Structure formats: C-alpha cells, structure tokens
Amino acid sequence: MIDLRSDTVTKPTEAMRAEMAAAEVGDDVWGDDPTVTALEDEVAELLGKEAALFVTSGTQGNLTALMSHCARGDEYIVGDHAHQFWYEAGGGAVLGGSHPQTVRMLPDGRLDLDHVRSVIKVDDPHFARSRLLCVENTHDGKVLPLSFHAEAQALAAEHGLRTHLDGARLWNAAVALGVEPNEVAAGFDSVSVCLSKGLGAPMGSVMAGSAEVVAQARRWRKMLGGGLRQAGIVAAGGRHAIRHHRERLAEDHAKAARLGEGLGALDAITVDSCSTNMLFATFTVDPAPVAAAAEAKGIKLAINGHGCRMVTHLDVTDEDVEAVIDLVTGALDG
C-alpha cells in the first residue's frame, strides 16, 4: 500500500521497534523514567533550550505552551490558517481560557506583521491582554526564512509579547534550510516539535523552552491527562527517530520534488510544490477517475474536491513515487 495522505501514517522501523522493546523504563509521573528524561534532555540540547517536556501530541505540546504563557483572559496572536487555530479543537479557548486573535497569513506561510502590529491591544480593561505571538514553521510544507523569525521576535519584544513556535515539522525546515535545529528554534520562548510525523516515531511530541516555562507546562500536562507512567517505551522510539531519521528527511523532500515534477507535467493538474515533503495538486478536470484508480490499487490519496495534498515520508519509496505518477497519468488519459 502507498499512503500519501500524511507523514503521520509512518510505521516504526524494525530498528526502532527493537530499541523500544529494550527501553529502560520507570514511572515518568514520578520523574523516574530514564528514557523519557534522556529524550527530553536530547531534544532540549538540539533546540538550544534549557528544558523540554515529552507530551502525547503536537496539539498537547502547543496547548501546554499556550497555557504556560497565557492566563485566563489573555490573548494569543496566531495565523488565520495556522494549525494551532484551525485544527486543535479550540483548546486554547476552551481549556486555557485564552482568546485567539487571528492575523493574515501570507501565501508563503509568514504572518503579515503589519496586521500583527495593528491588533496588539493597549492595556485597557475592555480588551483581552495581548500576551503571546505564535509562528508556524513549516506551514503547509513551506519553509519560513529565519529572517522572518527575527522580525517577528523583534516585533514581539517591542510590545512585551512572548513567542511560541509551532515547529511540528521544524526538522524538515532545518534540513531544507541547511541549518541545525537550534537555529530554527532560536529566540522563541517555547517551541513544540513532533516525533510522529516525518521522523516516524509511533507517537509523541516535545515542548521545549526555559526551565520556568517547562515546569509550568509539566503541571498543565498533568491536568490535561498527559502524565504517563512507563512512557520510556514510546520515548525510545522518539530517541531513535531524532538520532537516525532527521538527516534522511532530505530524501523525502527529493521524492516530493520528483512527484511534483511528474504531476506538474500533466495538463490536467496544477502543482504547488513546496520545499519540503508536501505538495498540493489542483485538478482542472474531475478527479473521480484518479480517486477510483487509486482505490483499486490500494493507493491512499487525500482528494478533497479538486484539490489533493500529497506527503512523502519514511515509508514512501522512489518506486512508489513513480507508481503514483503513472497511475494518475493513466487515469487522466482515460
């Protein structure tokens, strides 16, 4: 089966499974799981932060960070198409009591900083208190330049705001930019990174920041039901992933580029190819024949209307990419 719906569908490799099976474990709620502690220390070092916290998901990582920065009635400023706003079930408002103030996201994933500046509230009891600026890198597979990070952080500092980076695919951004992960995370008060997307671990994310922020996040994680016991079994998968699967993300990027090249050559498809492992194809004809052919061949595609997002990952081979190009070409030719 070829599954291009997302890089969350990866399966643990045999080497990862072996490391998980052999993991030394303890009760992490008591702080006794050495494998979880080792993962947190390694990710904190990779990201250049004082401390880190293993969480169940990127959503929980973003939410624990948000709740650590913002009190009830505070406001976080976030992109109008950001994952944190669209796809995390409104947790910031429902569970954190924080008000989301959306701002325009530009086509390349950057926030419109002029719009950000215009929505920052003055200190007035009529308004929610502007407290946090959230950035996402990558966004829809697009890599934001580090110069934008610096501009956003400078604006935040000017107005006394803290900053959070939703870096679910920060690893992809670092590889695409040719820099170390700590350079992407630099300057942010907190950052959340995912282990279960392109890196291929079965679950988990890590939220990193100052020791103070992470201590607050640990308390919120417990309240949110994220305190796990012998979590070293899954943390071992994350440790294996960050050690062995980060640099190979460049292979996923190359496969996405080849997929975009092959599909973009077809008259019935327009491709928005990104610089990482994600591309968006728009059909100018009815895509039903493609969907039917894919289903018949056991190929999973996320076709929505005339659009289709395709994501390459650890379990997609070069041969799989060529097979998808051939299938789509044949289906469109009728």
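1. In this predicted model, strand E3 (74-79) and strand E5 (129-136) each give at least two residues to the lining of the second largest cavity. E5 contributes the most, with 3 residues.

2. The second largest cavity holds about 50 Å³ of space. Its lining consists of Val78, Gly79, Ala82, Gln84, Met105, Leu111, Cys134, Val135, Glu136 and Asp166. By class, that makes 6 nonpolar, 2 polar and 2 charged residues. Glycine is counted as polar here, so Gly79 belongs with the polar residues. Glu136 and Asp166 are in the lining, and both residue types count as charged.

3. How many cavities of 30 Å³ or more does the whole structure have? The search finds 3. The largest cavity has a volume of about 60 Å³.

4. Which elements give two or more residues to the lining of the largest cavity? They are helix H3 (58-69) and helix H5 (91-94). H3 supplies the largest share, 3 residues.

5. The residues lining the largest cavity are Thr59, Leu63, Leu66, Tyr76, Gln84, Glu88, Gly90, Gly91 and Gly92. They divide into 3 nonpolar, 5 polar and 1 charged. Glycine counts as polar, so Gly90, Gly91 and Gly92 fall in the polar class.

6. One residue deserves a look in both places. Gln84 lines the largest cavity, and Gln84 also appears in the lining of the second largest cavity.

Technical notes. Residues numbered from 1 in each chain as written. Predicted model: local features only at pLDDT ≥ 70, side-chain atom pairs only at ≥ 80, totals over all residues. Heavy atoms only, no water. 1 Å grid on protein atoms, 1.4 Å probe; cavity = no way out; pocket = protein on both sides within 12 Å on 5 of 7 lines; lining within 4 Å. Points joined across faces, edges and corners; volume = space filled by probe spheres on them. Helix = DSSP H or I, 4+ residues; strand = E, 2+ residues; numbered from the N terminus.
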